[in-house]
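Biologist: I am new to this structure. Please take a close look at one part, the surroundings of ligand 4, and then go on to the iron atom of ligand 3.

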Amino acid sequence: MSRAQKFLAVFLAITVLFFGFIVFRVWGAKPPATVKLTPIPQGEYDPAVWGKYYGLEYQTWLKNKEMAPSPTGYGGSVKEQKSVKQTALPHNFKGYPFEKDYTEDRGHPYSLEDLRTSHRIGPTSKGSCITCKTPQIEQFYKEMGWGYTQRPLSELLDRSQHPVSCGNCHNPETMALRVINPAFIEGQARRGIDVTKASREEMRSYVCGQCHAEYYFVPGTFQVVFPWDKGLTPSAMYEYYSANPNNFTQDWQHADSKAPMLKAQHPDFEEWQNGTHGKAGVSCADCHMPYMRQQGRKYTSHWVTSPLKHLNEACSTCHNEGPEWLFERVKTIQDNVWQLQHLAEQKVSRAHTAIKKASETANVNQTELANARELVRKAQWYWDYVAAANSMGFHNSVQELNTLGQAIDFANLAIEAANRAAGTNTL
Ligand code: HEC
Ligand code: HEC
Ligand code: HEC
Ligand code: HEC
């Protein structure tokens, strides 16, 4: 071999190794774990039956029963009232069941138990609430279409044996990922997205998005609707609600300010999709269901909890900064978001009080009063969008800090308008 040939051979070898490594890193990180497929009949919802064939997935799903605080101190898997830390929260929900009972969420196996024991439900509660609590929603929707939302919740709860589990996310025959919540499927369709054509990568977030999202109930029919027609940001959804879609005007009237209020419901999918990771194509499953290895087998962890409990598997596939750095980043983001979230919560509460006081003064200016009520409705929606979402802002820190900044401003404007209504502010 001549020198040139030798050089070429070495060069080629290095090139092959280098690109081989890149291909391994990019493709090797993501191929599905291989598993022996055993078709399970359609309509089987018992996770223990699925678990006979998919042992590691089932064992890790069972770990969702573990209750522990989150490593950061925010969120966590312990059932405790949010009002312990968010002291103005009961006042902000005055006149609505969230005033009395609003607990931190915990693992999927508790979804039915926590619904049954919630003080927010009663004899008049509708079937709509079952939508995100059991895979048997597939069965109810097949039988009754949207009619299930008009049935008494107690009737559907009596028929529900299995909490959020395998059937919510998998087709039992093929184990392919699937979505079964009709509200998610319709909400996406109205945005021009056909979920039956979704890629595997998209499905790794869609399975979560079908429940971890904002919704409302249509007055009269109680059908569940996702308010996504104008977009998924706090302002786009607020604009959507302002047009009274399907004659929906409010979730409740605030007992003090008498403002027509909206309740935000865990907009995790919305928050994530506009954030750094969502935009970069990092799926919910990438962080919350990382790959694990046991006895040489690669499998997907089904322990869906704080990713910081297994930070190396969840984050270090993409990040090489090290666990301490990553943990400190998450904590710093969350501490900053919490500080503004708490300020916004307190300020909104003061706005409700200012409006109540104004409304009780003689010769109150009705135009300014209506103005103040609209502003506090908006302020609270912006605060609640962040407060009701999980992750204390980590999923989209830039948007959430902006949203909280606006919540504080709208609350201040509401107080000024209330004072003008009462004639006590010349601003
Ligand atoms: C880049 C990684 C990442 C992605 C992607 C991600 N999350 Fe998270 N998620 C986190 C982190 C970090 C936390 C905060 C955990 C903590 O405070 O201990 C969190 C918290 C949560 C929590 C609250 C957990 C608790 O302890 O109460 C929920 C629920 C959640 N995420 C759902 C989702 C959903 C749904 C998606 C997709 C729409 C998603 N996440 C995408 C990293 C991620
Ligand atoms: C919240 C949604 C969700 C639930 C509930 C769920 N899975 Fe999965 N499962 C996933 C995701 C996401 C993957 C990764 C699929 C992919 O990347 O193609 C997965 C993968 C799998 C795989 C493929 C092998 C592997 O480990 O990656 C099996 C088998 C499986 N799950 C079984 C189960 C069983 C059994 C249950 C119930 C005990 C269950 N799953 C519950 C979302 C879910
Ligand atoms: C069928 C609806 C449904 C689906 C699908 C679903 N979730 Fe949940 N999730 C819930 C409910 C309901 C709770 C609260 C249960 C409780 O507190 O009793 C919850 C709780 C959680 C928690 C809190 C657990 C803890 O330890 O505090 C996390 C994290 C979470 N979900 C993430 C996800 C991710 C990620 C996906 C997709 C891979 C997903 N969920 C899919 C309904 C769902
Ligand atoms: C599949 C790849 C992937 C995974 C898994 C992943 N990240 Fe990221 N992360 C990215 C990308 C891409 C960016 C944006 C570009 C960059 O900074 O490299 C990013 C950015 C970040 C940033 C800076 C931007 C911001 O939002 O503050 C932090 C902090 C971060 N990730 C933390 C985490 C943590 C914590 C986890 C695990 C819970 C995690 N990431 C998991 C790919 C990933």
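Modeller: The shell around ligand 4 is made up of 11 nonpolar, four polar and two charged residues. This is a predicted model, and in it 17 residues surround ligand 4, with Thr276, His277, Cys315, Cys318 and His319 the closest. Three of these also make polar contacts through their side chains. In Thr276, a polar side-chain atom is 3.2 Å from an oxygen atom of ligand 4. His277 has a polar side-chain atom 2.8 Å from a nitrogen atom of the ligand, and an N or O atom in the side chain of His319 is likewise 2.8 Å from a nitrogen atom of ligand 4. Two or more residues of the shell come from each of α13 (276-279), α14 (284-288), α15 (311-315) and α16 (323-359). Of the elements, α16 gives the most, with four residues.

At the iron atom of ligand 3, the protein donors are His108 and His212, each through NE2, lying 2.0 Å from the iron. These two histidines are 104 residues apart and link distant parts of the chain: His108 sits in the loop between α4 (89-92) and α5 (111-116), and His212 in the loop between α10 (200-209) and β1 (216-217). The iron atom of ligand 3 has six donor atoms around it, and the arrangement is octahedral because the angles they subtend run from 84 to 179°. For six octahedral donors, the ideal angles are 90 or 180 degrees. His108 counts as partly exposed because its relative accessibility is 25%. His212, with a relative accessible area of 29%, is partly exposed.

Note on methods: Residues numbered from 1 in each chain as written. Chains lettered and ligands numbered in written order. Predicted model: local features only at pLDDT ≥ 70, side-chain atom pairs only at ≥ 80, totals over all residues. Heavy atoms only, no water. Donors = N, O, S within 2.8 Å, 3.2 Å for Na, K, Ca; no water. Tetrahedral: all angles 85-135°; square planar, octahedral: opposite > 155°, others 65-115°. Buried < 20%, exposed > 50% of the residue type's maximum accessible area, 1.4 Å probe, protein only. Near = heavy atom within 4 Å. Polar contact = N/O pair within 3.5 Å; in protein donor to acceptor, adjacent residues only side chain to side chain. Nonpolar A, V, L, I, M, F, W, Y, C, P; charged D, E, K, R; others polar.
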